[in-house]
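Me: Pick one part of this structure and take me through it slowly, please. I'm new to this, so spell out the terms as you go.

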Amino acid sequence: MPFLHSPKYHPSIDEVIIQTLKSEGVKNEVIEDKLVEMSKIEAMDRYFSSKEVEVTTESISHFISHAFYIDLDKAYLLDIETAENLKEPTPKAAITWHLETQQQDWTGEQIRILLKNLFGINTNGLAFLENKKISLYSKKQWILKQDHDLFIVSTGVKDIDVYILATDYFKQKTGLDGLPENLHEKLNELGFSYNQEKMCYYFCTEDGQSVEDSFKGQVLNSLIEVARTKYDHL
């Protein structure tokens, strides 16, 4: 069945997911709605569990590009052990090496774990943040960005530092020059310092290690709470 309206991801991806739904007996008249409502995680699991899809570096790159807007060619290989096993430690070479050396049935979940371990790309977290009014700039590329987002979270290449800024949209709608006062207190409690010149909050780990996921979760939950309770109307 051809996709009748705008594709959610890419026609080749959508069609595979639609076929998995059809195989479960989902009726044609609701199948597109099911696809649109489906989470990115479920879509990823369905896509890579399909017999029509061979799990390769290119199929992983294709899905991640169209579902999460991440260019894996621009990713940074953070796994030193993997890099030492490669003649050319490029992101795609790292994925290929793991696919070839770990003979297993690669599920969507296993691929997500691989991307997290190799590049620090947390696709579960990205899926959760969708439509939460937060833009995310990480490792020199936009990961999440929508016109009506209120706050920007920016992280460096090695995830050792974090910047929190207000978007231009937020400033226009609220008349504020930067972040709201009720967010200042939350970020101060988490150990951020305020940069008056850039009107943003900044945090950097003392030991040079990547920021822990638990800390990222606290930061994001603080932003989500403020966006939901104070600015849900924007």
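Reply: Let's start with a pair of tyrosines: Tyr194 has Tyr201, in strand E6, as its bridge partner. Before going on, a word on where this comes from: you're looking at a predicted model, where local features need pLDDT of at least 70, side-chain atom pairs count only at pLDDT 80 or more, and totals for chains, interfaces and linings use all residues. Residues are numbered from 1 along each chain as its sequence is written, and side-chain values use heavy atoms, with hydrogens and water left out.

Names like E6 come from DSSP runs, numbered from the N terminus: helices are H or I with at least four residues, strands are E with at least two. Two strands pair if DSSP finds at least two bridges between them.

Back to our tyrosines. Three bridges hold E5 and E6 together, and these strands run antiparallel. They make a hairpin with four residues in between. In that turn, Met199 has a positive phi of about 55°.

Now step across to the other neighbour of E6. E4 and E6 also run antiparallel, joined by four bridges. Here Tyr201 turns up again, as the bridge partner in E6 of Ile164. So what order do the strands come in across the sheet? It goes E2-E1-E3-E4-E6-E5, an open sheet of six strands with mixed pairing. The edges belong to E2 (141–144) and E5 (193–195); each has a single partner strand, so one side of each has no neighbour in the sheet. From one strand to the next, the twist averages 25°.

Moving further along that order, you reach E3 (residues 151–155) and E4 (residues 161–166), an antiparallel pair joined by five bridges. One spot to find on screen is Ile152, whose bridge partner in E4 is Leu165.

Finally, look for what lies against the sheet. Helix H11 (residues 213–230) packs on it and touches E1 (134–138), E3, E4 and E6 (200–204); contact here means heavy atoms within 4.5 Å. The direction of H11 makes about 165° with that of E3. For such angles, axes are lines fitted to C-alpha atoms (for helices, over the stretch in contact), and values run from 0 to 180 degrees between N-to-C directions.

To retrace the route: begin at the E5–E6 hairpin, cross to E4, go on to E3, then find H11 packed on the sheet.
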